[in-house]
Amino acid sequence: MTDDTSRRDLFKGAAVAGLAAAAAPAFAQGAAPLVDPQTKFTKTPFAEQPQKWPALQRNMRPVPDCGEASYRGSGRLAGRKALVTGGDSGIGRAAVIAFAREGADVAINYYPSEEPDAQDVAKLLRGEGRKVVLIPGDLTDAKFARGLAPRAHRELGGLDIVVNNAAYQQSKANIAEITPEQFDRTMKTNVYAMFHICQTAIPLLKPGAAIINTGSVNSVDPGEELLDYATTKAAILIFTKGLAKQLGKQGIRVNMVAPGPIWTPLQVAGGQLPGKLGEFGQDTPLGRAGQPAELASLYVTLADPGSSFTTGSAFGANGGTGAI
Ligand code: NAD
Ligand code: MG
């Protein structure tokens, strides 16, 4: 062994020892306790609490858990710029909180009357030193929807992650009860806006960027009282897969998250048939509805460059119903 190799070996040993020392404090805190997903969040049936559309999360009981107090980042999205529609509440808010805590700056779109919910999340994240841009506006207005991504790009100083998450859902037991206006609004919010936003965002995106669309278990297994909504969610699945094929050669990934029953404002503003809220989520194998916080890691993972071979795919969070 030459002096050189022994010095190298010594150095290697020191580096390993150093690594162990660096990792030690984390281990020293002890293993995180295993958490039973059946009891991680409330199993108590939800009380009827109808709100005018679009409902405010801050007025729900219990208030949905979007990870405000629990999500911890580790720099997975450091320096990224993200646009999230419907980011004021529910699943979109959970994605926004997680993105911000992973080091991203975020732009949030929401319907103008949701300003109180949007202010709540902006205040929380700005207090943590993140940049949060608020862009209220109606996504059924094609002009507004087409201007949204360019505006987010301008105000954030770039755009790397686009989450099409806003949706309109009104339960109706029979097709006869779906008015042409409801059908039109559901299509415009859930499908047309996604098309407008993707078409205007793509020229602004660089290789490595990610588009994430929020689908549903309804994308493949329609709830019978959600005919129009489920139709849009099926469209979102195919749009995701088709766009991923087109954008592979530009290095842009496109994926979908497919939630099951999650406790969010959409459910108390006509999303469930009257009198049905008490049953919401009770029939999943985990025996409860999900909370938005339980989806955050899926959005982060799909935005993370570590998922670089994942595109055109759908990932579920549905408590075991087996849909996606
Ligand atoms: P949510 O009410 O918190 O989010 C929906 C958001 O859509 C609203 O906050 C609102 O900002 C936005 N929106 C609706 N119409 C709009 C318009 N015209 N202009 C601008 N914004 C508009 O409820 P959520 O459940 O978190 O919904 C987020 C996504 O999750 C939706 O795509 C929904 O279909 C999907 N999803 C939810 C569930 C569930 O059980 N909650 C299940 C499957 C899929
Ligand atoms: Mg909302």
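Which residues coordinate the magnesium ion (ligand 2)? Keep in mind from the outset that the structure in your viewer is a predicted model, and begin by selecting ligand 2 together with the side chains around it.

**The metal site**

The magnesium ion (ligand 2) is coordinated by Asp88 through OD, by Ser89 through OG and by Glu114 through OE, at 2.2 Å. If you follow these donors along the sequence, you will find them spaced as D-S-x24-E. Now colour the secondary structure: Asp88 lies in the loop between strand 1 (81–85) and helix 2 (90–101), while Glu114 lies in the loop between strand 2 (105–110) and helix 3 (115–126), so the pair ties together parts that are 26 residues apart in sequence. With the protein surface switched on, look again at these two donors, since both Asp88 and Glu114 are buried.

**The surroundings of ligand 1**

Next, select ligand 1 and show the residues around it, which number 33, with Ser89, Glu114, Asn165, Tyr229 and Thr264 coming nearest. Ser89 and Glu114 will be familiar from the previous stop, where they are donors to the magnesium ion (ligand 2).

Three contacts to oxygen atoms of ligand 1 are worth displaying as dashed lines. Start with Thr264, where an N or O atom of the side chain is 2.6 Å from an oxygen atom of the ligand. Move on to Lys233, which places a polar side-chain atom 2.8 Å from an oxygen atom of ligand 1. Finish with Leu266, where the partner is a polar backbone atom, 3.2 Å from an oxygen atom of ligand 1.

How much of the accessible area that ligand 1 has on its own does the protein cover? Of the 800 Å² in question, the protein covers 97%. To see where this shell comes from, highlight helix 2, strand 2, helix 5 (180–201), helix 6 (227–247) and helix 7 (265–271), which are the elements giving two or more residues to it. The largest share, 3 residues, comes from helix 7. If you then colour the shell by residue class, you should find 14 nonpolar, 14 polar and 5 charged residues around ligand 1.

**A walk along the salt bridges**

Leaving the ligands, turn to the charged side chains, among which the count comes to 11 salt bridges. A convenient place to begin is helix 4 (residues 142–156), which holds both Arg151 and Glu155, 4 residues apart, or about one turn of the helix. These two form a salt bridge in which the closest N and O atoms are 3.0 Å apart. Arg151 is partly exposed at 29% relative accessibility, and Glu155 is also partly exposed, with a relative accessible area of 34%.

Then select Glu279 and Lys276, which form a salt bridge with their closest N and O atoms 3.8 Å apart. Glu279 is partly exposed, having a relative accessible area of 48%, and Lys276 counts as partly exposed at 37%.

At the next stop, Glu294 and Arg288, the side chains meet in a salt bridge of 2.7 Å from N to O. Is each partner of this bridge buried or partly exposed? Glu294 is partly exposed, with a relative accessible area of 28%, whereas Arg288 is buried, with a relative accessible area of 4%.

To end the tour, select Lys81, Asp105 and Arg130, which are linked in a network of salt bridges.

Key: Residues numbered from 1 in each chain as written. Chains lettered and ligands numbered in written order. Predicted model: local features only at pLDDT ≥ 70, side-chain atom pairs only at ≥ 80, totals over all residues. Heavy atoms only, no water. Donors = N, O, S within 2.8 Å, 3.2 Å for Na, K, Ca; no water. Buried < 20%, exposed > 50% of the residue type's maximum accessible area, 1.4 Å probe, protein only. Near = heavy atom within 4 Å. Polar contact = N/O pair within 3.5 Å; in protein donor to acceptor, adjacent residues only side chain to side chain. Areas by Shrake-Rupley, 256 points an atom, 1.4 Å probe, with all protein chains shown as cover. Nonpolar A, V, L, I, M, F, W, Y, C, P; charged D, E, K, R; others polar. Salt bridge = Lys/Arg side-chain N within 4 Å of Asp/Glu carboxyl O.
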